[in-house]
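Q: Please take a close look at the strand pairing in one part of this model with me. After that, I would enjoy a walk through the helix and ring contacts elsewhere.

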Amino acid sequence: MRLAPRPRKNLLFWLGVIVFLLSMSLWSARGIGFSLTELVCNLTDGSRLLRESWPPDLAFLARLVDPMLETVFIAVVGTVVGGIFAIPVAVLAARNLTPNRLTWFADRNFMNILRTLPDLFWAMLFATAVGFGPVAGALALTVFTVAVISKLYSESLESIDMGLPEAIRAVGGSWLQMIQFGALPQALQHYVSYALYAFELNIRASVVLGLVGAGGIGMILETQRANFEYERVTMIILAVLVAVLMIEEVSESIRKRLT
Amino acid sequence: MTQQTPSPAGAIQFRNASITYPNGAIGMKNLDLQIEPGEFVVIVGSSGAGKSTLLRAVNGLNALTEGTVAIDGETVATHSSRDLRRMRKRIGMIFQDFRLVKRLSVMSNVLIGRLAHVPGWRAMLNLWPLPDREIAIDALMRVGITDKAWVKASQLSGGQQQRVGIARALAQQPSIILADEPVASLDPVTTHQIMKDLVRINRELGITTLVNLHFLDLAREYGDRLIGLRFGELVFDGSAKTVTDEDFRNIYGRDFTESDLLEDSA
Amino acid sequence: MSSHSDLLRQPGPPIGFATIVTFVIALMFIVSMFAIGFTPGQMAEVPAGVARVLSFFWPVDMAYGWDRVLPAIVESIQIAWIGTIIAALLSLPLALFGARTLFPRVARVVKLISATARAFPEILLAIYFVPIVGLGPFAGALAIGISSVGMLTKLGAEVVDSLDFGTVEAVEAAGGSRILALRWAVLPQVLPEIIAHWLFRFELNIRASAVLGVVGAGGVGGVLLNVVLAIDMISGEIRRRIIRS
């Protein structure tokens with residue numbers, strides 16, 4: 001058979017990758033005390049909690065309407081404000097669009113700091129600054145949204161075709177015009193789907209934020225859990241599930257219409 | 001070179017076959033057609049005339065809504081996926097847009113033609129039996145791109161990609177090859193090379209070959225038998241060598257223009 | 001990305017629909033601002049309040065010591081790693097079978113599973129795991145793993161659904177089953193993007209594990225930042241390589 005032998009150069013590379021993944025997993029598993037036997041043997045112990053969680057307390061639903069709405073309101077404000085602020089942050093962090101290296105470097109680090117600090121930190125920060133309640137939650141989600149969208153969007157912007165922006169520059173357009181007409185529209189579809197993704201994340205994040213007193217359905221969740229009312233906890237989770245499913249349906253249909 | 005075992009026969013028979021799409025469009029209308037083993041058939045017609053529909057009915061990608069299509073006397077059973085897979089095993093298909101998995105090597109793409117011939121677990125784990133690998137290499141040899149075997153499909157030119165597409169079909173050791181506008185995305189020079197490849201393979205291996213073509217001059221040059229479709233109906237069935245301009249006018253329902261000829265539109 | 005002449009030829013989104021969506025969003029935004037009781041006066045307080053809170057974090061309490069901070073960071077990386085591995089292993093098959101175009105009926109079940117996993121906040125999931133494996137990092141890893149399964153399944157299924165299914169048809173035309181089409185036509189095309197999502201998720205999970213209370217001290221912030229910076233660089237590099245290849 002006259003056929004060049006299969007190149008083997010990648011073999012060593014892949015072997016290295018596999019060894020790295022395995023050793024990292026073994027090291028981590030040992031570090032956190034991962035044990036399948038423990039998980040399987042004690043599975044029945046967990047069933048007590050699950051039995052207490054079922055059936056969901058349907059009567060509790062009536063008291064969930066207002067907090068649920070508040071959660072949605074918090075998420076809307078956080079997504080809209082954060083979504084707007086994310087655009088300049090993303091543009092300056094895109095290697096191909098940023099005016100100079102210094103701006104790029106500073107913005108990139110700013111983005112990283114935003115993403116490093118957990119959403120709960122922002123919630124506590126703003127709760128201390130403006131008092132417990134939904135406004136603190138909305139502010140925290142604003143920062144969280146900027147963190148999520150700017151990173152994803154700047155990556156999309158880096159992969160756009162530079163022909164159009166360069167053409168705008170070539171005919172004497174300003175930097176701002178280049179961004180506005182040459183760069184942003186190309187990644188618009190990505191932006192829309194990231195914004196919708198951030199909204200979905202925010203709905204769930206605002207549940208968590210409620211746990212530290214930033215308003216919404218999470219506050220109810222925390223009080224019921226603290227009182228061991230697990231049937232009510234299940235009800236709350238179901239309510240969140242329905243909300244998440246509905247929002248996904250809507251955002252998917254919007255995405256489909258816009259693309 | 002290992003011997004391509006010539007699969008026996010490869011006769012296709014449509015009987016009163018019709019396809020109406022869910023949106024009411026007619027893809028095929030009362031088609032009666034007999035194609036003999038080893039024939040090289042060119043199918044022409046304006047776009048939407050049902051050329052693709054006809055090819056895709058042969059391997060069950062489009063299901064008939066009426067009538068039957070049979071291969072070597074066995075009806076194509078679109079309702080049983082197991083039977084359908086068994087029949088498709090012997091029917092190679094070549095696409096206008098090549099349909100290669102771009103991130104995989106040429107060799108892997110050709111081996112996709114062996115998927116139905118090897119045990120499922122072997123195909124899942126990328127453990128191809130030696131005979132099947134040899135069949136794949138043999139298929140690559142027939143289209144003359146063995147030197148590209150370990151190159152990623154995405155790095156090939158259009159003509160090379162279509163050759164891989166042909167090799168993938170050949171790796172099936174088919175009795176029938178369906179080529180759906182195989183040269184529509186290629187430049188004129190490559191177009192002639194690919195058409196010559198298809199004719200040569202038809203002659204060498206006796207594989208029944210059905211080719212959809214848009215260009216009339218290509219149909220004349222390479223076809224043996226020519227079939228003309230219009231609105232899903234058979235309007236011409238005869239020799240490609242003796243077909244007249246008048247016949248083409250009938251098939252297309254209009255005077256043909258320069259855009260229907262490869263040489264003039266290029 | 002296609003060449004820009006292609007982009008110019010692409011029809012833009014229907015203007016009517018986009019305008020309506022923008023209007024509805026603006027309306028929702030205004031309603032929400034009123035509903036949560038937002039006042040400009042509050043905004044004036046924000047800078048001072050933030051400054052006050054940030055002052056709690058400064059100066060860094062060096063006496064707290066690296067010997068206590070570092071193990072905590074190592075542990076949160078380990079938790080995130082195991083959580084991400086669990087999520088990756090479980091979500092890959094779910095994502096493949098969650099593609100609507102290929103498996104319309106199974107996809108609906110997968111979608112429900114993934115939405116359920118995402119409806120539980122991580123902290124609550126951890127609480128459910130505590131009776132089983134006890135309080136500690138293991139429970140945290142399981143919680144992070146399960147909640148990541150939901151998101152990774154969703155994102156993965158979206159990647160699969162955005163595929164060009166021509167190659168799937170090519171495999172099926174060659175007599176391959178749909179499962180084999182997943183293996184040979186779908187998987188090679190989607191794996192790079194799916195791995196990119198895994199990396200992104202790993203990064204998120206490091207922070208999530210910090211939230212889970214494993215790393216709680218104020219002094220950790222700076223170290224954690226370096227870790228995230230490093231992973232950001234590495235994952236960016238890997239992503240570029242994968243996508244280029």
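A: Let's begin at a bridge: Ile12(B) has Ile35(B) as its bridge partner in β2(B). This is a predicted model, in which local features need pLDDT of at least 70 and side-chain atom pairs count only at pLDDT 80 or more, while totals for chains, interfaces and linings use all residues; side-chain values use heavy atoms, with hydrogens and water left out. Residues are numbered from 1 along each chain as its sequence is written, and chains are lettered from A and ligands numbered from 1 in the order in which they are written.

Strand β1 (residues 12–20) of chain B runs antiparallel to strand β2 (residues 26–35) of chain B, with six bridges between them. Strands here are DSSP runs of E with at least two residues, helices are runs of H or I with at least four, and both are numbered from the N terminus; two strands pair if DSSP finds at least two bridges between them. β1(B) and β2(B) make a hairpin with five residues between them, and Gly24(B) in the turn has a positive phi of about 95 degrees. β1(B) also pairs with strand β4 (residues 66–71) of chain B, again antiparallel, over five bridges. There, Arg15(B) has Thr68(B) as its bridge partner in β4(B).

Now to the rings. The whole structure holds seven aromatic pairs over all chains; rings of Phe, Tyr and Trp (its six-membered ring) pair if their centres lie within 6.5 Å, and planes under 30 degrees apart count as stacked, over 60 as edge-to-face and the rest as tilted. One of the pairs is Tyr153(A) with Tyr191(A), tilted at 55 degrees between the planes and 5.0 Å centre to centre. This pair joins helix α7 of chain A, home of Tyr153(A), to helix α10 (residues 188–210) of chain A, home of Tyr191(A), across 38 residues. Both tyrosines, Tyr153(A) and Tyr191(A), are buried (under 20% relative accessible area, with exposed over 50% and partly exposed in between, for a 1.4 Å probe and protein chains only).

In chain C, Trp81(C) and Phe202(C) meet edge-to-face, 5.5 Å centre to centre with 90 degrees between the planes. Trp81(C) lies in helix α4 (residues 66–97) of chain C and Phe202(C) in helix α9 (residues 178–211) of chain C, 121 residues apart. Trp81(C) and Phe202(C) are both buried, and ring pairs link them with Phe20(A) into a cluster.
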